[in-house]
Amino acid sequence: MGFFDNLGNEFGKKTGKAIGNKLYGRHADDIRVGSNVNLNVNRGNSGFNGGNVQRDTTDYEAMEKAKRETLKQEQESKFLESIINVEFDANDKDTIVKTLTSLSSYVDLWIKDSSKNANVARSKFDTGLAMLSAVDASNPMITYFTNKKLEWSNYENKKRKTQLITAGIAIVVLLIIIIIGLAQS
């Protein structure tokens with residue numbers, strides 16, 4: 001059973017590192033993100049002869065990456081706030097159509113990124129589409145918006161199927177490895 005214990009330990013280490021790298025970037029093992037300080041002190045017999053202190057400069061690449069990520073999150077939160085504040089006026093059909101068009105473009109953008117904002121935008125979109133259908137059932141844009149909903153649903157189903165197939169393949173490969181390991185024991 002030593003092989004499987006080692007396999008489990010190694011899997012845990014790699015998983016922990018992967019999660020850390022995903023959360024904190026490639027500097028997950030550093031003491032501080034954005035700065036790398038390296039002190040090398042050479043001491044002779046008489047105390048502090050030839051002391052060599054070396055300091056690396058700030059990691060600007062990590063700072064820029066963090067700055068871009070922060071700006072992206074701020075922008076998404078502004079979009080989310082504007083989507084939440086959307087209200088539909090049953091008396092103004094043209095504004096409903098314009099708002100639905102904007103919401104559909106947001107969903108198209110965010111659904112591929114798996115953004116949580118896509119769910120909020122889809123919810124508002126469904127509300128607006130229901131209102132447009134109730135106010136003006138003969139509006140030609142209703143079929144366009146209904147097709148958009150179908151397109152999003154098909155995309156999510158395809159994505160879900162791909163994930164299930166990938167997970168299934170991983171399980172089969174893992175089972176084959178386990179069977180081979182047991183056969184060699």
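**Exercise 1. Placing a serine in the predicted model**

Ser 104 lies in helix 3, and the model in which it is examined is a predicted one. Determine whether Ser 104 is buried or exposed, and state which residues Ser 104 is in contact with once its neighbours within four places in sequence are left aside.

*Solution.* Begin with the relative accessible area of Ser 104, which is 2%. Since buried means under 20% relative accessible area, Ser 104 is buried. Next, leave aside the neighbours within four places in sequence; Ser 104 is then in contact with Phe 125 and Trp 152.

**Exercise 2. The aromatic residues that Ser 104 meets**

Work out how the rings of Phe 125 and Trp 152 are arranged, and then which residues the ring pairs link into a cluster.

*Solution.* A pair of aromatic rings is described by the distance of the centres and the angle of the planes. The count of aromatic pairs comes to three. One of them is formed by Phe 125 and Phe 145, whose rings are 5.6 Å apart centre to centre with 85° between the planes, an edge-to-face arrangement. This pair links distant parts of the chain, as Phe 125 is in helix 4 and Phe 145 in helix 5, 20 residues apart. For Phe 125 and Trp 152 the ring centres are 5.0 Å apart and the planes stand at 70°; planes over 60 degrees apart count as edge-to-face, so this pair is edge-to-face. Here too distant parts of the chain are linked, with Phe 125 in helix 4 and Trp 152 in helix 5, 27 residues apart. Both Phe 125 and Trp 152 are buried, and Phe 145 is buried as well, with a relative accessible area of 0%. Finally, the ring pairs link Phe 125, Tyr 144, Phe 145 and Trp 152 into a cluster.

**Exercise 3. Helix 5 and the nonpolar core**

Check the span of helix 5 against its number of residues, name its buried residues, and find which helix gives the most to the largest nonpolar core.

*Solution.* Helix 5 has 44 residues, and at 1.5 Å a residue these should span 64 Å; the end C-alpha atoms are 65 Å apart, which agrees. The buried residues of helix 5 are Ile 142, Phe 145, Lys 148, Trp 152 and Gly 181, and what covers them includes helix 3 and helix 4. Turning to the largest nonpolar core, which has 18 residues, those that touch the most other members include Phe 125, Phe 145 and Ala 121. Helix 3 (93-113), helix 4 (117-135) and helix 5 (141-184) are the elements that give two or more residues to this core, and helix 3 gives the most, with seven residues. As for Ala 121, its contacts beyond four places in sequence are Ile 83, Leu 103, Val 107 and Trp 110.

Terms used: Residues are numbered from 1 along each chain as its sequence is written. This is a predicted model: local features need pLDDT of at least 70, side-chain atom pairs count only at pLDDT 80 or more; totals for chains, interfaces and linings use all residues. Side-chain values use heavy atoms; hydrogens and water are left out. A nonpolar core is a set of buried Ala, Val, Leu, Ile, Met, Phe, Trp, Tyr and Cys residues joined through side-chain atoms within 4.5 Å. Buried means under 20% relative accessible area, exposed over 50%, partly exposed in between (1.4 Å probe, protein chains only). Helices (H or I, at least four residues) and strands (E, at least two) are DSSP runs, numbered from the N terminus. Contact means heavy atoms within 4.5 Å. The expected span of a helix is 1.5 Å times one less than its number of residues. Rings of Phe, Tyr and Trp (its six-membered ring) pair if their centres lie within 6.5 Å; planes under 30 degrees apart count as stacked, over 60 as edge-to-face and the rest as tilted.
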